[in-house]
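User: I'm new to reading protein structures and would like a close look at just one part. Could you walk me through a sheet and how its strands are arranged?

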Amino acid sequence: MKLIIKNLTKTYKNGVKALDNLDLEIGIGMFGLLGPNGAGKSSLMRTIATLQSPDSGEIIFGDINVLEDNMSLRKVLGYLPQSFGVYPKMSAEDLLDYFATLKGIANKIERKAIIKEVLEITNLYDVRHKNVAGYSGGMKQRFGIAQLLLNNPKLIIVDEPTAGLDPAERHRFLNVLREVGTNCTVIFSTHIVEDVKELCNEMAILNGGKILKHTTPQNATQEIEGKIWTKIIQKDDLEENIKMYNVLSRNFNPDNTLNIRVYSETKPSEDFTASKPQLDDVYFIALKQDEPLLTS
Ligand SMILES: Nc1ncnc2c1ncn2[C@@H]1O[C@H](COP(=O)(O)OP(=O)(O)OP(=O)(O)O)[C@@H](O)[C@H]1O
């Protein structure tokens, strides 16, 4: 099922335009929504999840007109917000049983079967008797996925789920999402470029409430093949290099020099060497190209 978003605009009461005439089409699979803080990712996700209304625009999911028929969308939606709140002192199994009852699964045997299934998918079966309140951050996030899977959703929205997770937990969480995303639409927001690279077959870069780029991680890096250059510079020369070249990013070396990455159609000067494009480069190019628009 396809999610089609047309001309979506959202202005908050304080005058901030969080979504600005946004158009986007998303198919089955893992879709990564990448953008800096304040780009509008949560606003877009909350609007698709029918938790807030836009000023104008249209959202269609399959044959559901989302803004006119919130309830139909909610039946096929699984949503994991940025912060899921405080969990009661209940075991994962009991809490899932409670959520499943709320979601209308009245038959006890049916509930038991689906709870077992979601606990297995999220790798929480062995810890099903433990209190969710005592789970680690990563386990809580996986529990968040377990609860949203209870109604077999066709559209899954997860808002910055890896923020604050340690590398091992993040890896486990991404594996769970990967499994879940094989036969439904999963929209996943993050400001961690690596998450998108590892996980998503499609991606969009969002900033200022607009989609700057809609692509695949592979195409995005291929497009800039041969256009990324690096050079080691002294720290004091950074300003000058920024004036002369299109500097995308810089990294400190242990000897206090800097490695700069530059975007240029041709070799900027003899002391640069060609570098394999990274998804980070794509992200920084998109944001940089958007800068004049934001400041004008
Ligand atoms: N309820 C609200 N009232 C007023 N302004 C809001 C509200 N929610 C978000 N904003 C503003 O709208 C803009 C977009 O915010 P949003 O939370 O959608 O971005 P985001 O990309 O999810 O950022 P983050 O990664 O920081 O969560 C920001 O300028 C934010 O301050």
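Analyst: Let's take the open sheet of four strands, which runs in the order β12-β13-β11-β14 with antiparallel pairing. Keep in mind that this is a predicted model. Start at the rims: β12 (247-252) and β14 (273-274) are the edge strands, and each has a single partner strand, so one side of each has no neighbour in the sheet. If you're wondering what holds such an arrangement together, strands of a sheet pair through backbone hydrogen bonds, in either a parallel or an antiparallel way.

Now move inward to β11 and β13, which sit side by side in the strand order. Strand β11 covers residues 228-234 and strand β13 covers residues 257-263, and the two pair in the antiparallel sense over seven bridges. Want one spot to find on screen? Look for Ile233, whose bridge partner in β13 is Leu258.

To put this sheet in context, zoom out a little. The chain has 10 helices and 14 strands, so there's plenty besides these four strands to look at. Its C-alpha atoms fill a box of roughly 70 × 45 × 35 Å along the principal axes, and of the 296 residues, 37% count as buried. Contacts also reach far along the sequence: among those between residues at least 6 apart, 68% join residues at least 24 apart. The Ile233 and Leu258 pairing is a handy place to begin tracing the sheet yourself.

How values were computed. Residues numbered from 1 in each chain as written. Predicted model: local features only at pLDDT ≥ 70, side-chain atom pairs only at ≥ 80, totals over all residues. Pairing = 2+ DSSP bridges. Buried ≥ 20, exposed ≤ 12 C-beta atoms within 10 Å, placed from the backbone. Contact = placed C-beta atoms within 7 Å.
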